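This report covers one residue environment, the salt bridges, one helix and the overall form of a chain. The sequence and structure come first.

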Amino acid sequence: MKYMSILEVLLVFKLVLYVNGGRPCASMSFGDSSVVCVCNTTYCDTLDPLRMPAKGSYILYESSKSGKRLESTTGPFIKSIQDSGLKFTFNVDKKYQQIKGFGGAVTDSATVNILSLTKEAQENLLRSYFSEDGIEYNVIRVPMASCDFSLHVYTYADSPDDFDLKNFSLAKEDVEMKIPLIQRAISMSKRPISLFASPWTSPAWMKTNEDVSGKGTLKGAAGDKYHKTWANYFVRFLDEYAKYNLTFWAVTAENEPTAGMITDYPFQCLGFTPEMQRDFIALDLGPALKNSAHKDVHIMILDDQRLLLPYWAKVVLSDMKAARYINGIAVHWYMDEFAPAGITLSTTHKLFPEYYLFATEACTGFLLYGKGVQLGSWERGNQYSEDIIKDLNNYVTGWTDWNIALDLKGGPTWVENYVDSPVIVDTAKDTFYKQPMFYHLAHFSKFIPEGSQHVGLDSPEKSKLETVAFLRPDGAATLVVLNQAHADVKFVIWDPEVGYINAVSHADSIQTYVWRRS
């Protein structure tokens, strides 16, 4: 099969007039299992703002391995059916967690890639993520200083023994790159955007190994000058960002605190056991935030693999001196196959229901096999959706991707820790590619706004479909259906308030159904 060049693809789509304003994917194959959508200065696919159909009708958005990308159709509810077969009942009597949102991380690497594009292409990329004609992310993760996805190693207080943080200052990566991009994202979003920050390492002089990498913890013990200074470092970070009118919803106490307990760990880290994190929050971080201008900023613990639950939560949250400062529990996805959601997430929720669960990092292409970028991989999109659905069905309130944009290699990264991303930037062509992962994420972020409530979806029989349902703040219903099988599956949706939908989940597809209930 002959594939068109990028120029030919874009010229074809520029000839198509769409009265409703949405523009289709300019698809291109790189030989993987599906396609990417090509964007540049003059063209990028867009979505119409969601317009809810009248009661008695539904709107369906579908993406597929065969090339559909959020293609929408509408249809009617029917009052009765003769042979239902597989049936899902929308059950609002079963109410679970409320949703905070979905988003990704604005790392140094992500900003380098975005800013390498011309201004018009940058705008198309940011609009794809944050605008009403994009997928409407409402969460942004911000690393506090450098991480593995930086071009070099730095902290904000590298002067030795600066316990008063007199030399604390943001880096050019913040002032010239991350902050302006975040401000642009906020300006184009119709939804409030929640920022949360995570540190990878303290300055080396605060650490037992005198190095930002490798096995090392804070010197001394909780309550001493090293721990107080590290807590004040959080406050100073929030102070400096506030000068740019950027305020934060939350901080995590440390990115992957177990990494800093590993000998020769290859990039920035800071080790904590759960006992050490508990005491640091109780004696240092909690009081520092509560006595600052940022007393309403949430603290999330763990920010590491859910394999550590519920043990980590038991250690930290069973101590009320620490627990009174804590709002949530953050989880990463990298070892999820070894940690079933039910015995980690749901068990933790049942033990500590007043603390929300929130997924703070995920990416594909991190393993030695299949490392880096795979342009057009439908399977990597499936991995995202499967994980999101499992998380949402086990009390998680939101889901955060890792780098929002990387280059063709999966970087840049100072430690050559290449991975994949939903958006890949080809700087030489002033072009970026929206991967299947991007559209999988859209099926959640676009249609499940903050404040939506996870509700029951009852079915008397098991099926190959993976599903999750929500009641939105506007009273509408949302249902996401993932079919990883290579065959169509017929099913029925029944909402007792409205009626029945006769539906088909096509092979290798993801669908989102939205409808009014009143």
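## Val212 and its surroundings

Val212 counts as buried, because its relative accessibility is 11% (buried means under 20% relative accessible area, exposed over 50%, and partly exposed in between, with a 1.4 Å probe and protein chains only). The residue sits in the loop between strand S8 (194-199) and H5. Helices (H or I, at least four residues) and strands (E, at least two) are DSSP runs, numbered from the N terminus.

Leaving aside residues up to four places away in sequence, Val212 touches Val153, Thr155, Thr201, Ser202, Ala204, Lys207, Phe267, Gln268 and Cys269; contact means heavy atoms within 4.5 Å. Val153 is 59 residues from Val212 along the chain, and their C-alpha atoms are separated by 8.3 Å.

## Basis of the values

This is a predicted model, in which local features need pLDDT of at least 70 and side-chain atom pairs count only at pLDDT 80 or more, while totals for chains, interfaces and linings use all residues. Residues are numbered from 1 along each chain as its sequence is written, and side-chain values use heavy atoms, with hydrogens and water left out.

## Salt bridges

The whole structure holds 27 salt bridges, each defined as a side-chain nitrogen of Lys or Arg within 4 Å of a carboxyl oxygen of Asp or Glu. One of them pairs Lys228 with Asp284, with 3.3 Å between the closest N and O atoms. Lys228 belongs to helix H5 (residues 225-242) and Asp284 to helix H6 (residues 274-290), so this pair links distant parts of the chain, 56 residues apart. Lys228 is partly exposed at a relative accessible area of 34%, whereas Asp284 is buried at 2%.

Arg306 and Asp336 form another salt bridge, at 3.2 Å from N to O. Arg306 is in the loop between strand S10 (298-305) and helix H7 (311-317), and Asp336 is in the loop between strand S11 (328-332) and helix H9 (341-351), so the bridge ties together parts 30 residues apart in sequence. Both Arg306 and Asp336 are buried. In the salt bridge between Asp474 and Arg472, the N to O distance is 2.9 Å. Asp474 is partly exposed at 47% relative accessibility, and Arg472 is buried at 11%. Elsewhere, Asp108, Asp174 and Lys178 are joined into one network by salt bridges that share partners.

## Helix H2

How many of the 8 residues of helix H2 are buried? In this helix (residues 108-115) the number is 6, so H2 is mostly covered. The buried residues are Asp108, Ser109, Ala110, Thr111, Asn113 and Ile114.

Their cover includes three strands and helices listed early in the chain order, namely strand S6 (101-105), helix H3 (119-130) and helix H4 (172-188). Strand S13 (396-403), strand S14 (406-407) and strand S15 (423-426) are also part of the cover.

## The chain as a whole

The chain has 11 helices and 22 strands. Its radius of gyration is 23 Å, which agrees with the value near 24 Å for a compact globule of 518 residues; the radius is taken over C-alpha atoms, and the globule rule is 2.2 Å times the number of residues to the power 0.38. The C-alpha atoms fill a box of roughly 70 × 50 × 40 Å along the principal axes.

Of the 518 residues, 62% are buried. Among contacts with a separation of 6 or more, 73% are between residues 24 or more positions apart.
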